[in-house]
Amino acid sequence: KEIFENEFVTGYQPEQQVFNMSEIYEHPGKIKIHGYPQRYQYYQFNKDNILKWLTIENEEFYDIPDEDDIVMHVRLSDYVTNRWNSPIDYFISVLEKEEYKNAYFVTEDPTNPEIQKLIDFGCILKDNSRFGPVNASVADFVFLKKAKKIIMSPSTFSWWAAFLSEAIVYYPYNVGLWSKNPRINDIDLRV
């Protein structure tokens with residue numbers, strides 16, 4: 001691990017997972033945070049700066065959804081193995097209550113058999129493989145971030161896309177890794 005002069009490293013105690021935000025805000029150097037600090041209140045005062053810092057090179061070359069489309073991030077692979085994923089029924093239940101022209105989804109695991117339920121419901125897999133393996137993830141992120149309506153998975157990828165967006169966001173509650181747990185209070189998927 002490389003430590004820079006004037007760098008502040010913080011993390012969480014598994015039994016607490018609490019970040020001291022005062023220390024972080026007041027530190028004059030680089031900051032590395034270890035853990036899952038997905039809580040809007042940590043970043044809300046710096047959102048404009050974060051939007052400037054986290055720019056995507058050539059973002060205009062990636063596809064964006066139409067204004068009346070809804071986009072889902074369906075996190076599977078290791079989340080299925082660890083039982084952290086949102087059930088496909090969660091996505092469908094949100095879609096049944098919403099108005100939209102097209103329902104797209106991005107996923108890192110398009111061959112997972114569960115995906116067929118979304119396709120049968122009329123959802124469209126946004127295949128960004130033409131951008132190559134690394135840039136396909138970037139294309140997925142941009143597509144999600146640019147949506148006007150996002151249905152999140154309980155994942156960092158979804159959370160940051162939603163946080164950086166101007167979308168109406170639907171987030172899972174009490175799912176797997178992100179379950180409401182009084183000992184783990186640094187995660188709040190609401191953006």
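Is serine 77 buried, exposed or partly exposed? In this predicted model, serine 77 is partly exposed, because its relative accessible area of 29% falls between the two limits, under 20% for buried and over 50% for exposed. The legends below take this residue first and then turn to the sheet and its helices.

**View 1. Serine 77 and asparagine 58 are two residues that have a positive phi although neither is a glycine.** Serine 77 sits in the loop that runs between strand E3 and helix H4 (78–81), and its phi is about 30 degrees. Asparagine 58 belongs to the loop between helix H3 (47–53) and strand E3 (70–73), and here the phi is about 60 degrees. Asparagine 58, with a relative accessible area of 37%, is partly exposed.

**View 2. Five strands make up an open sheet whose pairing is parallel.** Read across the sheet, the order of the strands is E5-E4-E3-E6-E7, and the edge strands are E5 and E7, each of which pairs on one side only. Strands E6 (149–151) and E7 (168–170) pair in the parallel sense over three bridges. Within this part of the sheet, isoleucine 151 has tyrosine 170, in E7, as its bridge partner. Helix H7 packs on the sheet, where it touches E3, E4 and E6, and the direction of H7 makes about 135 degrees with that of E3.

**View 3. Helix H7 (133–145) packs its buried residues against strands and against another helix.** The helix has 13 residues and reaches 19 Å from its first C-alpha to its last, which is close to the 18 Å expected at 1.5 Å a residue. Its buried residues are Ala136, Ala139, Asp140, Phe141, Val142, Phe143, Leu144 and Lys145, and they pack against E3, strand E4 (103–106), E6 and H8.

**View 4. Asparagine 128 is a buried loop residue in contact with residues that include Ala136, Ala139 and Asp140.** The loop in question lies between strand E5 (124–125) and H7. Asparagine 128 counts as buried because its relative accessibility is 3%, and buried means under 20%. Leaving aside neighbours within four places in sequence, asparagine 128 is in contact with Asp63 as well as with Ala136, Ala139 and Asp140, and these last three are among the buried residues of H7.

**View 5. Helix H8 (residues 156–163) is largely enclosed by the rest of the structure, because six of its eight residues are buried.** Those buried residues are Ser158, Trp159, Trp160, Ala161, Ala162 and Phe163. What covers them includes helix H2 (40–43), H3 and H7, together with strands E3, E6 and E7.

**View 6. Serine 158 is a residue of helix H8 whose side chain reaches a backbone nitrogen.** The relative accessible area of serine 158 is 0%, so this residue is buried. The backbone nitrogen reached by the side chain of serine 158 is that of serine 153, at 3.2 Å. When residues up to four places away in sequence are not counted, serine 158 touches His73, Leu144, Met152 and Ser153; of these, Leu144 is one of the buried residues of H7.

Methods: Residues numbered from 1 in each chain as written. Predicted model: local features only at pLDDT ≥ 70, side-chain atom pairs only at ≥ 80, totals over all residues. Heavy atoms only, no water. Helix = DSSP H or I, 4+ residues; strand = E, 2+ residues; numbered from the N terminus. Buried < 20%, exposed > 50% of the residue type's maximum accessible area, 1.4 Å probe, protein only. Contact = heavy atoms within 4.5 Å. Expected span 1.5 Å × (residues − 1). Polar contact = N/O pair within 3.5 Å; in protein donor to acceptor, adjacent residues only side chain to side chain. Pairing = 2+ DSSP bridges. Axes fitted to C-alpha atoms, helices over the stretch in contact; angles between N-to-C directions.
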